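Reader: Could you walk me through the helix packing and the aromatic rings here?

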Amino acid sequence: MNNDSRDQALVKRCKRGERKALEELVGFYEKPVFNATYRILGNPDDAADATQVVFMKAFEHLGQYDPKYKFFSWIYRIAVNEAINQLKRGKNQQPLDDNEVARTHGPDESVEAEDLHREIQGGLMALTEDYRTVVVLRHFSECSYQQISEILQIPEKTVKSRLYSARQLMKNTLQTRGVY
């Protein structure tokens, strides 16, 4: 069973009130939703709050989900919107604390890799939300151009254009910081 079929079956079971199906959907999407919101917000606490709100909203509005679209795209759209809304509400006014950057490597991670990670996250946070969102979805959530188009509800050409511009800005920022 592919992911789309699995998701559709779980959504049907959720609509019937099966708690186990809800837990499975959260299990599949909690980490990717958190990672996307974290990369947009730059703060793990804000990302955890956003992730919680995303799942509450998703399951409150599950009856509005159209199964002809991918569940993945639908929940990511909710996640991106929630993260952007938090930014607009000013919840994320404090600068990113370098000690709070999520670790994806073991304890033997080199200092150079940590520094590079901080510089990349700093460059990412310097981008506007439109640019940051496409970079996060493409490079951190590994979405295709088509998926990003569906999630953000913009044409694929706009996704490519924003991604190109965002990459150029990131490159310039990293060069200025002596990283690239």
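Author: Gladly! Axes are lines fitted to C-alpha atoms, for helices over the stretch in contact, and angles run from 0 to 180 degrees between N-to-C directions. Please keep in mind that this is a predicted model.

Reader: At what angle do the axes of helix H2 and helix H4 cross?

Author: Helix H2 covers residues 19–41 and helix H4 covers residues 71–89. Their axes come within 9 Å, and the crossing is right-handed. The angle between them is roughly 35°.

Reader: How many charged residues does the contact of H2 with H4 have?

Author: H2 contributes residues including Leu25, Tyr29 and Val33, while H4 brings, among them, Phe71, Ile75 and Gln86. By class, 15 residues of this contact are nonpolar and two are polar. The number of charged residues is none.

Reader: Which class does the ring pair of Phe55 and Phe59 fall into, stacked or edge-to-face?

Author: Both residues sit in helix H3, four residues apart, or about one turn. Their ring centres are 6.2 Å apart. Planes under 30 degrees apart count as stacked. The planes of Phe55 and Phe59 are at 15°, so the pair is stacked.

Reader: And what about Phe71 and Trp74: how are their rings arranged?

Author: Phe71 and Trp74 are both buried, and ring pairs link them with Tyr29 and Tyr65 into a cluster. Their centres lie 5.7 Å apart with planes at 45°, so the pair is tilted.

Reader: Which residue lies over the face of Phe28?

Author: Here a charge meets a ring, with a distance of 3.6 Å to the ring centre of Phe28. The residue over that face is Arg6.

How values were computed. Residues numbered from 1 in each chain as written. Predicted model: local features only at pLDDT ≥ 70, side-chain atom pairs only at ≥ 80, totals over all residues. Heavy atoms only, no water. Helix = DSSP H or I, 4+ residues; strand = E, 2+ residues; numbered from the N terminus. Left-handed = near helix turned anticlockwise from the far one by under 90°. Contact = heavy atoms within 4.5 Å. Nonpolar A, V, L, I, M, F, W, Y, C, P; charged D, E, K, R; others polar. Phe/Tyr/Trp six-rings, centres within 6.5 Å; stacked < 30°, edge-to-face > 60°. Buried < 20%, exposed > 50% of the residue type's maximum accessible area, 1.4 Å probe, protein only. Lys NZ or Arg CZ within 6 Å of the ring centre and 35° of its normal.
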